[in-house]
Amino acid sequence: TDIGDISTLTQLTILSLSRNQLTDIGGIGSATLTTIRLEDNALIQSCVDQVIIDVDTLGASNGTLNLSGGTNSAPSGASSTALANLLAKFWTVTTN
């Protein structure tokens, strides 16, 4: 299941879409997001990578990003720099 592009939702502070069998969520566009719960879905690897890259690019600090559980793919090397950046910005990131 794909919920489409949510990048136009620019005022979100919490995104909770866990346990929905989502495969893709489009882009994330809210620099105010500090809690992102996408655990227990079926996110494809390109989506997992893009979420990590988008969150890093938006620049927020001290957040929580949960991409674990379900059949969510593990991130690939394509998002490794963004993942390291998030950890340096005090994000708690959980992946498969």
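A residue is called buried under 20% relative accessible area, exposed over 50%, and partly exposed in between. With that in mind, welcome to a set of close-up views of this predicted model.

**View 1. Thr92 in strand β4 and the residues it touches.** We start with Thr92, which lies in strand β4. Its relative accessibility is 47%, so Thr92 counts as partly exposed. Setting aside residues up to four places away in sequence, Thr92 touches Gly63, Thr64 and Leu65. One of these partners, Thr64, is 28 residues from Thr92 in sequence, yet the two C-alpha atoms are 4.8 Å apart in space.

**View 2. Asn41, a buried residue in a loop.** Next comes Asn41, found in the loop between β2 (35-37) and α1. Is Asn41 buried or exposed? Asn41 counts as buried because its relative accessibility is 0%. Its contacts, not counting residues up to four places away in sequence, include Leu17, Ser18, Arg19, Asn20, Gln21 and Leu22. Gly69, Gly70, Thr71 and Asn72 also touch Asn41. For Leu22, the C-alpha atom is 5.2 Å from that of Asn41, although 19 residues separate the two along the chain.

**View 3. The salt bridge between Asp40 and Arg19.** Side chains of opposite charge can pair when their charged atoms come close. The structure holds 3 salt bridges, and this view shows the one that joins Asp40 to Arg19, with the closest N and O atoms 3.5 Å apart. This pair links distant parts of the chain: Asp40 sits in the loop between β2 and α1, Arg19 in the loop between β1 (14-16) and β2, and they are 21 residues apart. Asp40 has 25% relative accessibility and so counts as partly exposed. Arg19, at 58%, is exposed.

**View 4. The salt bridge between Arg37 and Glu39.** Here Arg37 pairs with Glu39, and their closest N and O atoms are 2.3 Å apart. How accessible is Arg37? Its relative accessible area is 35%, so Arg37 is partly exposed. Glu39 has a relative accessible area of 4%, and is therefore buried.

**View 5. The salt bridge between Asp56 and Lys89.** In this view the side chains of Asp56 and Lys89 meet in a salt bridge, at 2.7 Å from N to O. Distant parts of the chain are linked by the pair: Asp56 belongs to helix α1, Lys89 to the loop between α2 (80-88) and β4 (92-95), and their positions lie 33 residues apart in the numbering. Both Asp56 and Lys89 are buried.

**View 6. Asp54, buried without a salt bridge.** Asp54 has its place in helix α1 (residues 45-58). Which side chain of opposite charge is nearest to Asp54? That side chain is Lys89, 12 Å away, and Asp54 is buried yet has no salt bridge. Leaving aside neighbours within four places in sequence, Asp54 is in contact with Gly27 and Ile28.

**View 7. The largest cavity and its lining.** We finish with an enclosed space. The count comes to 1 cavity of 30 Å³ or more, and the largest cavity holds about 40 Å³ of space. What lines the largest cavity? Its lining is made of Ile28, Ser30, Ala31, Leu33, Ile36, Val55, Leu58, Gly59, Ala60 and Trp91. By class, that lining has 8 nonpolar residues, 2 polar residues and no charged residues.

Methods: Residues numbered from 1 in each chain as written. Predicted model: local features only at pLDDT ≥ 70, side-chain atom pairs only at ≥ 80, totals over all residues. Heavy atoms only, no water. 1 Å grid on protein atoms, 1.4 Å probe; cavity = no way out; pocket = protein on both sides within 12 Å on 5 of 7 lines; lining within 4 Å. Points joined across faces, edges and corners; volume = space filled by probe spheres on them. Nonpolar A, V, L, I, M, F, W, Y, C, P; charged D, E, K, R; others polar. Helix = DSSP H or I, 4+ residues; strand = E, 2+ residues; numbered from the N terminus. Buried < 20%, exposed > 50% of the residue type's maximum accessible area, 1.4 Å probe, protein only. Lys, Arg positive; Asp, Glu negative; His and termini not counted. Salt bridge = Lys/Arg side-chain N within 4 Å of Asp/Glu carboxyl O. Contact = heavy atoms within 4.5 Å.
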